Amino acid sequence: MSVETIWEYLESKGFPVVPREEDKTVQKVLESDKMNKAQRSRMAPEFLVSEKLDGVYSLVTCIPVEVSDDVWEFEVRQWGRSGKAQVNCEELDCIVNNELLHLLQPVYVPTGFILISEITSADPLAKLSGYLNPNRVNKSDFEPTLFMDNFHDVIGLGEFIVGRSSVRYYERRQYLERLLYDSNLIDIDSTSLTFEEAKDHVKAIWKLGGEGYVLRDPDAPWVAGARNETMIKLKEKLSFDGTVVGMCSGKEGSKYEFTLGKLLVSFRSFGDPE
């Protein structure tokens with residue numbers, strides 16, 4: 001069974017699209033320890049910093065539609081980073097639509113745009129990812145708790161289609177705050193920090209069990225497929241000594257079926273004598 005893509009959806013709405021490859025659909029975050037010398041030299045003097053959330057990336061298309069004479073609402077759909085339709089997002093879609101309805105009153109009907117989100121819940125990420133998986137066939141019995149979108153960026157539909165928004169991140173952020181001015185759906189940016197200051201401040205997040213920071217260059221455009229110094233992830237690195245006790249082949253029926261897919265390891269977790 002094929003999964004609908006954002007390209008098929010936008011084309012059905014009359015937008016002229018040229019689909020990009022899955023790994024070129026969205027802009028990506030660069031891990032700080034994978035930056036090369038050239039990327040470090042190009043870093044912004046200061047970044048807008050937000051706490052990294054342990055969630056699932058989502059592109060949220062918001063297209064105004066007339067449901068009856070002079071009555072408008074937004075058609076809201078959520079898509080994964082590869083451009084495939086997320087499942088089980090009807091509740092989130094309704095919340096976003098309700099938050100945006102003020103834009104349509106009394107006569108102002110904006111063109112469509114895309115909100116960029118991290119979907120989170122209070123549950124383990126593996127369960128949340130499975131619940132939203134576009135390739136899911138069977139309905140899940142799992143119901144996430146504290147299920148919500150956390151928005152951190154916005155671009156126009158036309159900008160997404162061509163793969164670039166030349167609007168600076170700082171300005172996009174201001175526009176996002178105007179769109180969702182009275183909601184709790186926006187992740188919170190701190191005051192500006194330098195890269196070195198962020199590396200120091202993030203230690204407090206790690207002590208509390210948090211994921212880390214995402215640093216965004218306030219003057220940077222949005223560029224599909226890019227992974228560079230304009231959006232950096234500071235995440236704690238943990239290492240363990242383990243003993244390999246087995247091997248598994250790749251997924252049956254995939255091109256990795258007869259290759260090494262996984263290593264099974266045994267290791268001692270913190271405080272465990274076994």
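Here are some notes on a predicted model, going through its pockets, salt bridges, one sheet and the main nonpolar core.

1. Let's start with the largest pocket, since that's probably where you'll look. It holds about 690 Å³ of space. The lining runs to 40 residues, and V29, K52, Y57, R81 and E118 are the ones closest to the centre of this pocket. If you want a quick selection to display, those five residues will do.

2. Who builds that lining? Quite a list of elements gives at least two residues each to the largest pocket. On the strand side there are β2 (48-51), β3 (56-68), β5 (113-120), β6 (148-156), β8 (212-216) and β10 (231-235). On the helix side there are α4 (125-132) and α6 (169-179). By class, the lining of the largest pocket splits into 17 charged, 14 nonpolar and nine polar residues.

3. The second largest pocket holds about 180 Å³ of space. Its lining has 14 residues, with R77, A85, Q86, V87 and N88 lying nearest the centre. Two elements, β4 (71-79) and α3 (90-100), give two or more residues to this lining. Sorted by class, the lining of the second largest pocket has six nonpolar, four polar and four charged residues.

4. Now the charges. The model has 13 salt bridges, and I picked out a few that link separate parts of the chain. One of them joins the side chains of E22 and K84, at 4.0 Å from N to O. E22 is in the loop between α1 (6-12) and β1 (30-31), while K84 is in the loop between β4 and α3, so the partners are 62 residues apart. The salt-bridge criterion is a nitrogen within 4 Å of a carboxyl oxygen, and this pair is listed at 4.0 Å. As for exposure, E22 has a relative accessible area of 46% and is partly exposed; K84 is partly exposed too, with 22%.

5. E229 and R42 form another salt bridge, with 3.1 Å from N to O. E229 belongs to the loop between β9 (222-223) and β10, and R42 to the loop between α2 (37-41) and β2, so this contact ties together parts that are 187 residues apart in sequence. Which partner is buried, and which is partly exposed? E229 is the buried one, with a relative accessible area of 10%, whereas R42 is partly exposed at 48%.

6. D219 and R168 pair up as well, their closest N and O atoms being 2.6 Å apart. Here the loop between β8 and β9 supplies D219, the loop between β7 (164-165) and α6 supplies R168, and the two positions lie 51 residues apart in numbering terms. Both ends are partly exposed: D219 has a relative accessibility of 48%, and R168 has a relative accessible area of 32%.

7. There's also a small network to keep in mind: K52, E211 and K235 are joined by salt bridges that share partners. K52 turns up again here, having already appeared among the residues closest to the centre of the largest pocket.

8. On to the sheet. Four strands make an open sheet in the order β1-β10-β8-β2, with mixed pairing. β1 and β2 are the edge strands, each pairing on one side only. Inside the sheet, β8 runs antiparallel to β2, with four bridges between them, and S50 stands opposite V214 of β8. β8 also runs antiparallel to β10, this time through five bridges, with L215 opposite I232 of β10.

9. How many of the residues of β8 are buried? Five of the five are, so β8 is largely enclosed by the rest of the structure. β8 nevertheless supplies at least two residues to the lining of the largest pocket.

10. Last, the packing. The largest nonpolar core has 20 residues, and I6, L10, L59, I114 and F160 have the most contacts inside it. α1, β3, β5 and α5 (157-162) each supply at least two residues of this core. The biggest contribution comes from α1, with four residues. β3 and β5 also appear in the lining of the largest pocket, so to speak doing double duty with their share of the core.

How values were computed: Residues are numbered from 1 along each chain as its sequence is written. This is a predicted model: local features need pLDDT of at least 70, side-chain atom pairs count only at pLDDT 80 or more; totals for chains, interfaces and linings use all residues. Side-chain values use heavy atoms; hydrogens and water are left out. On a 1 Å grid over the protein atoms alone, a cavity is a set of points where a 1.4 Å probe fits but cannot get out, and a pocket is an open set with protein on both sides within 12 Å along at least five of seven lines; lining residues have an atom within 4 Å of a point. Grid points are joined across faces, edges and corners, and a volume is the space filled by probe spheres set on the points. Ala, Val, Leu, Ile, Met, Phe, Trp, Tyr, Cys and Pro count as nonpolar, Asp, Glu, Lys and Arg as charged, and the others, Gly among them, as polar. Buried means under 20% relative accessible area, exposed over 50%, partly exposed in between (1.4 Å probe, protein chains only). Two strands pair if DSSP finds at least two bridges between them. A nonpolar core is a set of buried Ala, Val, Leu, Ile, Met, Phe, Trp, Tyr and Cys residues joined through side-chain atoms within 4.5 Å.
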